[in-house]
Amino acid sequence: MKLFRQLAVNVEQLYVKKEGKTILEDINLKVYEGEIVAVVGPNGGGKTTFLKTLLGLVKPTAGRIEIFNFPPREAVKRHLIGYIPQRVNFKRDSCLSALDVVLLGMYHLKLPKEEKVKRALESLKLFGVDHLKDRRFSDLSGGQQQRVNLARVVAAEPKLLLLDEPTTGIDFSGQQTFYEQIKKLRDKKGFTVIMVTHDVGVVWRYVDKAVCINRKLHYHGEPQAILRPEILKLVYGTEMVPLYHKH
Ligand SMILES: Nc1ncnc2c1ncn2[C@@H]1O[C@H](COP(=O)(O)OP(=O)(O)OP(=O)(O)O)[C@@H](O)[C@H]1O
Ligand SMILES: [Mg+2]
């Protein structure tokens, strides 16, 4: 067992304002290497903005962010971060195959072509879409494209995965397999994962921590707590009864 865990993400007193509106307010968060963190919260709560500040795509109004001790842009330059945005715009007429898309994610790696292809196929298999390798990416269904995108970021083996609603469009059984897969990968490769999700009733089983963001960071801790009505009310602002399956 490692006695010392490296800080993967360190966020201190982060503020983001856009057009005079405060989107994120005084966010403080530490994520350690190898942790899987779920970010939940209502629509418009600032979750995507938060991931974008970790990537250096959105500039904080105030505060400090370090990714493995680097400022966000430097971490991106060093290929430490793999990111799947909430919406991916892909040119419909592109003739790239699913395999090409995964290979594109590894363009910066100095590996022989055969090694890259081998890794890409393994990664497609992991997300159950290896049989689609030669199909045009743009012809695939939304859920299939999402799986290929996951294969793309995972094949590149970054240290930190930032996933914005990665299971959108993936069917229920696929969602569970996805979370299991992410956990297995973490165990094997030691990835740190921060993922935004609305699967409140499912995700808590698979993550180490949950973070609830609605402008402010309302909760940070044990994932089971996101099922507690008082936490849901605090974050979502309405009375909610979580739906989940007991096994
Ligand atoms: N570039 C921008 N300029 C102005 N306002 C913005 C900008 N980007 C985001 N916002 C606003 O910031 C708030 C947070 O948006 P964000 O996309 O981060 O929310 P979210 O939590 O990811 O929501 P969802 O669950 O719907 O994806 C929203 O009110 C949005 O309109
Ligand atoms: Mg979002």
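**Ligand environment and sheet architecture**

In this predicted model, a backbone N or O atom of Gly-46 is placed 2.9 Å from an oxygen atom of ligand 1. Two side chains make comparable approaches to oxygen atoms of the ligand: for Lys-47, an N or O atom of the side chain lies 2.7 Å from an oxygen atom of ligand 1, and for Asn-43 a polar side-chain atom is found at 3.0 Å from an oxygen atom of ligand 1. Of the 650 Å² that ligand 1 exposes when taken alone, the protein buries 66%.

The shell around ligand 1 consists of 15 residues, of which Lys-21, Gly-44, Lys-47, Thr-48 and Thr-49 are the closest. By residue class, the shell comprises eight polar, five charged and two nonpolar residues. Two secondary-structure elements, β2 (21–32) and α1 (47–54), each contribute at least two residues to this shell. The largest contribution comes from α1, which provides three residues.

Strands of a sheet pair through backbone hydrogen bonds, in either a parallel or an antiparallel arrangement. One sheet of the model is open and contains six strands in the order β5-β6-β7-β3-β8-β9, with mixed pairing. Its edges are formed by β5 (81–84) and β9 (216–221), each of which pairs on one side only. On average, and with direction ignored, neighbouring strands of this sheet are turned by 15° against each other. Within the sheet, strand β3 (residues 36–40) runs parallel to strand β8 (residues 209–214), and the two are joined by four bridges. In this pairing, Val-39 stands opposite Val-211 of β8.

Two helices lie against strands of the six-stranded sheet. Helix α1 lies across β3, β5, β6 (160–164), β7 (192–196) and β8, and its direction makes an angle of about 150° with β6. Helix α5 (residues 142–155) lies across β5 and β6, running at about 170° to β5.

A further open sheet has three strands in the order β2-β1-β4, and its pairing is antiparallel. Because β2 and β4 each have a single partner strand, they stand at the edges, and one side of each is left without a neighbour in the sheet. Here the average turn between neighbouring strands, direction ignored, is 15°. Strand β1 (residues 7–18) pairs with β2 in the antiparallel sense over eight bridges, and Val-9 is positioned opposite Val-31 of β2. The hairpin of β1 and β2 has two residues between the strands, and in this hairpin Glu-19 adopts a positive phi near 45°. On the β4 side, five bridges join β1 to strand β4 (residues 62–67), again with the strands antiparallel. Asn-10 has Glu-66 of β4 as its bridge partner.

Helix α1 also lies across strands of the three-stranded sheet, namely β1, β2 and β4, running at about 120° to β1. Helix α1 is thus placed across β1, β2 and β4 as well as across β3, β5, β6, β7 and β8, and the same element gives the most residues to the shell around ligand 1.

Apart from these sheets, the loop between α3 (98–104) and α4 (113–126) contains His-108. When neighbours within four places in sequence are left aside, the contacts of His-108 are with His-79 and Ala-156. His-79 and His-108 are 29 residues apart along the chain, and their C-alpha atoms are separated by 8.3 Å.

Key:
Residues are numbered from 1 along each chain as its sequence is written. Chains are lettered from A and ligands numbered from 1 in the order in which they are written. This is a predicted model: local features need pLDDT of at least 70, side-chain atom pairs count only at pLDDT 80 or more; totals for chains, interfaces and linings use all residues. Side-chain values use heavy atoms; hydrogens and water are left out. A residue is near a molecule or strand if one of its heavy atoms lies within 4 Å of it. A polar contact is a pair of N or O atoms within 3.5 Å; within protein, one must be able to donate a hydrogen and the other to accept it, and residues adjacent in sequence count only if both atoms are side-chain atoms. Accessible areas come from the Shrake-Rupley method with a 1.4 Å probe; for residues, only the protein chains shown count as cover. Ala, Val, Leu, Ile, Met, Phe, Trp, Tyr, Cys and Pro count as nonpolar, Asp, Glu, Lys and Arg as charged, and the others, Gly among them, as polar. Two strands pair if DSSP finds at least two bridges between them. Axes are lines fitted to C-alpha atoms, for helices over the stretch in contact, and angles run from 0 to 180 degrees between N-to-C directions. Contact means heavy atoms within 4.5 Å.
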